[in-house]
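Let's walk through a protein model together, one question at a time. Keep the 3D view open while you read.

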Amino acid sequence: MTRLGIPAMSLVVLVGVSGSGKSTFAAHKFGPHETLSSDAFRALVSNDQNDQSATEAAFDALRYVAAKRLAAGLLTVIDATNVQPAARKSFVDLAKAHDVLPVAIVLDVPAAVAVERNAERPDRDFGAHVVRRQHDQLRRSLRFLGKEGFRRIHVLDSVDAIADAEIVREPLLTDRRDERGPFDAIGDVHGCRAELETLLDRLGYQVLRDPDGRAVDARHPDGRRAIFLGDLVDRGPDVPGVLRLAMGMVRAGNALAVPGNHEEKLLRALDGKSPAMTHGLAESLTQLAAETPEFREEVRAFCRGLVSHLILDEGRLVVAHAGLKEAYHGRASGRVRAFALYGDTTGESDEFGLPVRLPWAEDYRGSAVVLYGHTPTPQVAWVNNTACLDTGCVFGGELSAMRYPEREVVSVPAEQVWFEPVRPLQPPPPEEREAGVLRIDDVLGAHIVETTTHGRIGVRAENAAGALEVMARWAVDPRWLLHLPPTMSPPATSSIPGYLEHPHEAFSAYRSEGVGSVIAEEKHMGSRAIVLAARDPDRFGAPPGWRGIIHTRTGRRFFSAAVEAEVLEGVHAALDASGILAELESDWVLLDAEIVPWSVKAGDLIRDLYASVGAAATAALPAAVAALESAAGRGVDVSELLDRTQRRAANSFAYQDAYRRYAADDEVQIAPFQVLASEARTYATQDHSWHLAIADRLVAADPGLFRTTARRMVDLSNEDSVADAVAWWEELTAAGGEGIVVKPHANLVRAARGLVLPGIKVRGREYLRIIYGPDYTEVSHLARLRDRSLGHKRSMAAREYSLGLEALERVVRREPLWRVHQAVFAILAMESEPVDPRL
Amino acid sequence: MLVTISYAAPSASDLGYLLHKHPAKLQTFDIAVGQAHVFYPEATDTRCTAALLVEIDPIELARSKRFGGDSQSLGHYVNDRPYASSSMVAVALGKVFRTAMTGRSDTHPELAAAALPLEIAVRALPARGGVDLVTRLFTPLGWNVRSTPIPLDADRPEWGESRYVDLVLSGAIRLSDALRHLYVLLPVLDDAKHYWVGDDEVGKLMRAGEGWLAGHPERELITARYLAHQGSFVRDASARLAEIEGVTDEEPEADARPSTLGAQRLATVLGILFELGARRVVDLGCGEGALLAPLAADRTFTEIVGTDVSAAALARASRRLKLHEAADRDRERIRLLQSSVTYDDDRIAGFDAAVLMEVIEHLDPERLPAAERTVFGHAQPASVIVTTPNADYNVRYPTLSAGAFRHPDHRFEWTREEFDTWTRNVGTRYGYDVERRGVGPDDPEVGTPTQLAIFRRVAR
């Protein structure tokens with residue numbers, strides 16, 4: 001058996017005369033969709049797989065499909081004779097264009113065998129001379145395949161060799177996606193051994209030393225691993241020391257490393273070539289000269305073995321010395337390597353003689369985090385999910401590491417300036433957009449938003465399209481739209497007769513997620529609102545005098561400008577009086593709240609829909625009852641219908657009572673229940689007692705404007721506590737209340753399956769009449785309504801929750817507006833997705 | 001949900017024969033999403049009343065595609081259909097009293113052919129157009145009409161009347177005519193989206209309207225409304241979102257101004273585009289394509305792009321422009337893109353001219369700078385044409401109360417001075433020369449109803 005090794009991501013070009021058995025080979029050795037056969041494409045474009053006049057069209061189509069597959073990173077096999085250099089060239093070019101390796105597998109059977117096989121196939125009516133000509137072409141081609149650009153060439157020179165061959169797919173060296181970390185990525189060290197040791201210590205590594213006291217390894221007690229982002233060498237005081245430590249860590253499995261341009265150049269010097277002795281190479285070579293030849297050989301092997309970039313953590317993390325644009329992730333070609341080592345250079349030099357680099361990170365829209373170094377910057381900054389960790393230690397800056405996945409930066413200062421920079425450190429990358437400028441392709445079309453709590457969340461094009469109109473026409477200025485609250489799921493349908501929703505199901509949902517302590521909060525009969533109170537309009541690009549904004553759950557202004565101003569004044573006064581902002585060390589705060597009464601926002605809906613239905617029902621049903629009673633009086637048997645109609649008449653009045661409670665003309669009040677964010681942080685991990693204590697202080701400061709949220713702590717392992725909460729819910733809803741919201745007391749909770757739902761609403765029996773219709777309590781209706789599919793609602797609630805948190809995180813990280821807006825927009829897009837409105 | 005038919009005469013219970021329903025029994029019929037019951041609350045020698053009670057199952061209705069049900073819409077769960085005497089009652093009427101409607105009676109042919117003293121009561125009749133329209137529809141048919149509006153909520157008198165009336169018709173009318181009147185006019189008054197219109201509705205209308213519809217003074221309204229709701233009732237995403245809000249965003253039918261102003265505006269803008277020599281034009285906020293249509297018809301324009309935030313509006317524009325049946329070269333010439341002027345969009349960059357016709361006043365003032373940047377700073381067309389209402393002129397509209405806007409979605413309407421300031425600022429900031437014009441009659445005191453500015457990019 002011959003083992004044919006091919007890179008797992010490659011373009012495999014089969015080469016062989018007609019009748020050499022390419023299709024059979026492909027069918028046996030590759031997956032069903034991996035092979036693109038010229039015969040099949042001829043058939044697709046002409047209905048006849050042997051129609052030679054269709055060859056050009058067939059190859060066009062084939063190359064088109066091959067390109068799509070390669071763009072998607074799929075191994076692709078070309079089943080065509082490919083005996084002519086021009087035919088092969090087009091595939092080599094295609095492979096290069098997608099930065100995958102071209103592989104040739106030659107099926108070299110004797111011409112006689114091929115002729116004989118063709119003769120057995122009536123559809124192949126071309127003569128033996130055609131096969132012989134192809135065979136000659138193939139023979140002439142063989143020795144040029146390498147020169148043509150094929151990186152692997154396998155020649156199978158007999159029928160048996162072909163049958164016996166086994167394809168072995170070798171993962172690319174860059175593919176280390178099964179390495180999940182956690183990692184500590186370390187920027188350019190440049191021979192700064194002391195700082196490296198300090199940094200490793202700071203990161204929690206224990207440095208191991210040889211008998212001479214030299215650091216030879218470092219290991220983290222939690223099994224974390226370091227990633228050296230290249231440029232370990234040159235310029236600094238102890239290049240061999242750094243190499244000894246880094247190589248030791250890599251050897252021991254305590255670190256990974258990618259090469260930098262300086263390793264590349266050092267390697268050339270060690271290989272006996274003579275690169276220019278500039279940029280600190282001379283220092284490295286001098287220092288290495290004092291080491292043993294064995295050590296130098298070890299360094300040489302180490303540098304040679306480094307792979308341009310690494311794909312880690314299931315593709316969520318990419319490391320490369322100079323960064324890597326998304327299209328190059330996991331690809332292999334000269335330009336991929338050049339990018340990884342040198343960055344996106346224009347080939348020009350600046351006034352300091354340094355190459356001009358293009359700001360690839362500003363255009364980066366990939367979901368994978370890219371950590372890199374290469375370009376010294378004063379501090380680590382995130383730009384579109386990428387971070388440069390080179391903080392110029394050797395130039396007297398800092399040596400920095402990024403904890404992944406925590407995204408925490410750890411830096412130690414340089415002990416001194418070890419090497420004078422050619423030019424001053426560059427300022428941090430400018431915010432790539434003018435404040436307030438958004439691009440349509442930031443939000444339109446299908447896209448992905450990466451969140452720290454829920455991974456990648458996809459937004460469908462049609463949902464984005466639906467959200468655009470709402471966002472563009474009605475939402476407040478995106479600069480002030482920092483968050484939208486997630487939709488909230490009800491509990492599973494209750495098993496208690498007569499009830500659709502009951503607290504028991506909410507409690508058991510949390511219990512099953514391992515949450516032991518929940519808080520039940522009164523659900524106000526109002527509208528959800530987000531309140532942003534800000535002292536400094538500049539922070540949000542707002543005009544002088546601007547005090548904040550209050551918007552609805554779809555981003556519309558809640559009040560008219562005049563009312564908003566008045567309400568915000570009250571909010572500010574209460575914030576000042578309570579000293580909350582000072583305590584949060586912030587000039588602004590974002591609050592999650594309910595504003596009552598509901599009729600403030602939903603007056604139209606109450607009148608147009610609810611009251612309207614009530615008017616029709618309470619007019620028609622009593623009349624129907626009267627008509628049926630007359631008929632019954634005449635002795636007509638209408639008892640069942642009469643009975644039902646009487647119940648429905650009663651339901652219609654109960655329904656009217658239910659909506660009337662929401663139509664009160666009470667004064668506007670805000671019931672805050674959660675602090676979402678302030679200048680430097682978000683509060684999703686503060687427990688709800690903390691949040692409600694803040695709310696209580698606002699109520700205390702202005703009991704007219706703020707309304708308190710009644711609550712009960714519930715210990716789910718304590719039956720009395722649960723019974724007490726249920727009794728409370730019954731009491732609230734019997735008095736006409738909407739219901740309660742049950743939340744994990746700890747607030748944000750992660751369980752095995754991901755985030756636990758932040759809240760479950762349990763609505764009252766009477767309230768649900770205005771959701772399910774007046775007659776929903778009828779046995780025949782309830783039986784059918786019980787069938788509620790919660791899965792989608794829950795999943796949406798979880799995604800919206802994560803997007804909302806992500807938006808807040810981006811706000812406090814002071815990310816560019818478009819990044820915040822993208823997350824907020826995605827919530828609105830989720831909301832435009834059809835979902836059962838009763839849930 | 002309740003219609004009663006009373007007949008007062010000797011041998012009144014003969015009504016049962018005409019209706020083909022026995023007065024002593026409750027009879028129940030299955031209808032599309034519920035049941036129809038017929039019974040007689042009274043049946044004496046002098047007076048007989050038949051009642052049609054329709055029970056609509058709200059859950060079935062919400063789940064029924066046929067009735068335009070949409071389980072994604074709250075409005076379909078809380079719904080007046082089970083209570084109102086709506087178009088669905090008319091459908092039940094047509095089914096249960098089909099024979100009576102034809103006027104055929106094997107046992108009492110004379111009675112069926114005769115005008116009878118009838119009294120018909122319809123409970124909770126949804127009547128768009130109110131009592132007044134009810135009267136206009138039934139009176140010409142010989143009915144004496146008594147209709148009482150039902151208050152929206154007896155506890156909240158300030159809310160006024162609901163759209164339902166209790167209707168009592170009396171008159172000497174043939175029973176089959178009476179039934180056919182109801183069959184046609186209940187849906188016409190209901191005028192609801194829920195009414196499902198099948199393929200043969202025109203035929204049904206002709207048959208049910210035979211002998212009375214042709215001469216009815218409201219014939220056009222009746223026909224238009226009866227057939228108005230063909231096609232599917234599709235809720236778009238924005239309607240769904242609006243519902244979450246508890247608000248309705250339905251646009252009023254059109255600008256309240258004489259339509260000639262719109263036509264003049266189009267003609268003026270077109271004229272300016274010719275004057276500018278523009279060949280590649282983008283209409284920002286194209287809506288349903290009012291400007292795109294004349295542009296498309298003229299081959300002077302080699303590339304036409306219409307943008308709008310509303311995907312639904314673009315779909316209507318596409319139908320209006322018949323893009324699906326356009327020749328390839330037209331499809332390449334004309335493109336419709338969903339976009340918003342508050343987001344930079346490379347696809348609209350570099351045109352000869354951009355048109356913002358009655359668009360800016362639909363933006364919140366605080367969003368205007370973003371739109372200016374997108375259009376003048378990013379897209380940078382050689383010319384930009386902007387039209388917007390002239391608030392000074394509003395005093396010339398007697399129906400417009402002082403300070404009110406011409407359209408409920410207008411976020412502002414500028415005086416000539418305000419527009420002048422804005423155009424000059426934008427011109428200075430982005431390097432455009434500004435020329436001001438107007439559309440419509442030029443009033444010496446308050447100017448033209450529409451103000452217009454032409455921005456020409458200054459060569460750099």
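Before we start, one term: two strands pair if DSSP finds at least two bridges between them. Also keep in mind that this is a predicted model.

Q: Which residue of S24(A) stands opposite Ile448(A)?
A: Start with the strands: S23(A) and strand S24 (residues 455–459) of chain A pair in the antiparallel sense, over five bridges. They make a hairpin, with three residues between them. Follow the pairing across from Ile448(A) and you land on Gly458(A).

Q: Which residues make up the uncovered face of strand S23 (residues 447–451) of chain A?
A: In a regular strand, side chains alternate between the two faces of the sheet. Here His447(A), Val449(A) and Thr451(A) are on the covered face. That leaves the uncovered face to Ile448(A) and Glu450(A).

Q: Which strands stand at the edges of the open sheet in chain B?
A: Seven strands of chain B form this sheet, and their pairing is antiparallel. Reading across, the order is S2-S3-S4-S1-S5-S7-S6. A strand at the edge has a single partner, so one side of it is left without a neighbour in the sheet; here those strands are S2 (27–31) and S6 (144–151) of chain B.

Q: By what angle are neighbouring strands of this sheet turned against each other on average?
A: Strands of a sheet pair through backbone hydrogen bonds, either parallel or antiparallel. One pair here is S2(B) with strand S3 (residues 34–43) of chain B, which share five bridges. For neighbouring strands across this sheet, with direction ignored, the average turn is 15°.

Q: Which helix lies across S1, S2, S3 and S4 of chain B?
A: Look for a helix running at about 120° to S4(B) (47–56). Don't mix it up with H7(B) (residues 175–190), which touches S1, S5 and S7 of chain B and makes about 15° with S5(B). The helix you want covers residues 87–96 of chain B, and that's H3(B).

Q: Which residues touch the most other members of the largest nonpolar core?
A: This core has 213 residues, and the largest share of them, 19 residues, comes from H21(A). One of the two residues we're after is in contact with Val3(B), Leu52(B), Leu179(B), Leu182(B) and Tyr183(B), leaving aside neighbours within four places in sequence. That one is Leu93(B), and the pair is Ala620(A) and Leu93(B).

Q: Which element gives the largest share of the side of chain A that touches chain B?
A: The contact takes 64 residues from chain A and 64 residues from chain B. On chain A's side, they split into 36 nonpolar, 10 polar and 18 charged. The largest share, 23 residues, comes from H21(A).

Q: Is Val675(A) buried or exposed?
A: Val675(A) is found in strand S29 (residues 669–678) of chain A. Its contacts beyond four places in sequence include Val589(A), Leu591(A) and Tyr683(A). A residue needs 20 or more C-beta neighbours within 10 Å to count as buried. Val675(A) has 21 inside that distance, so the answer is buried.

Q: Why do the buried residues of H13(B) line one face of the helix?
A: The buried residues of this helix (residues 311–320) are Ala313(B), Leu314(B) and Ala317(B). An α-helix has 3.6 residues a turn, so residues three or four places apart point the same way. Seen down the axis of H13(B), the buried residues line one face because they fall within an arc of 100°.

Notes
Residues are numbered from 1 along each chain as its sequence is written. Chains are lettered from A and ligands numbered from 1 in the order in which they are written. This is a predicted model: local features need pLDDT of at least 70, side-chain atom pairs count only at pLDDT 80 or more; totals for chains, interfaces and linings use all residues. Helices (H or I, at least four residues) and strands (E, at least two) are DSSP runs, numbered from the N terminus. Axes are lines fitted to C-alpha atoms, for helices over the stretch in contact, and angles run from 0 to 180 degrees between N-to-C directions. Two residues are in contact if their C-beta atoms, placed from the backbone, lie within 7 Å. Ala, Val, Leu, Ile, Met, Phe, Trp, Tyr, Cys and Pro count as nonpolar, Asp, Glu, Lys and Arg as charged, and the others, Gly among them, as polar. A residue is buried if 20 or more other C-beta atoms lie within 10 Å of its own, exposed if 12 or fewer, and partly exposed in between; C-beta atoms are placed from the backbone. A nonpolar core is a set of buried Ala, Val, Leu, Ile, Met, Phe, Trp, Tyr and Cys residues joined through C-beta atoms within 7 Å. The arc is that of the directions from the helix axis to the C-beta atoms.
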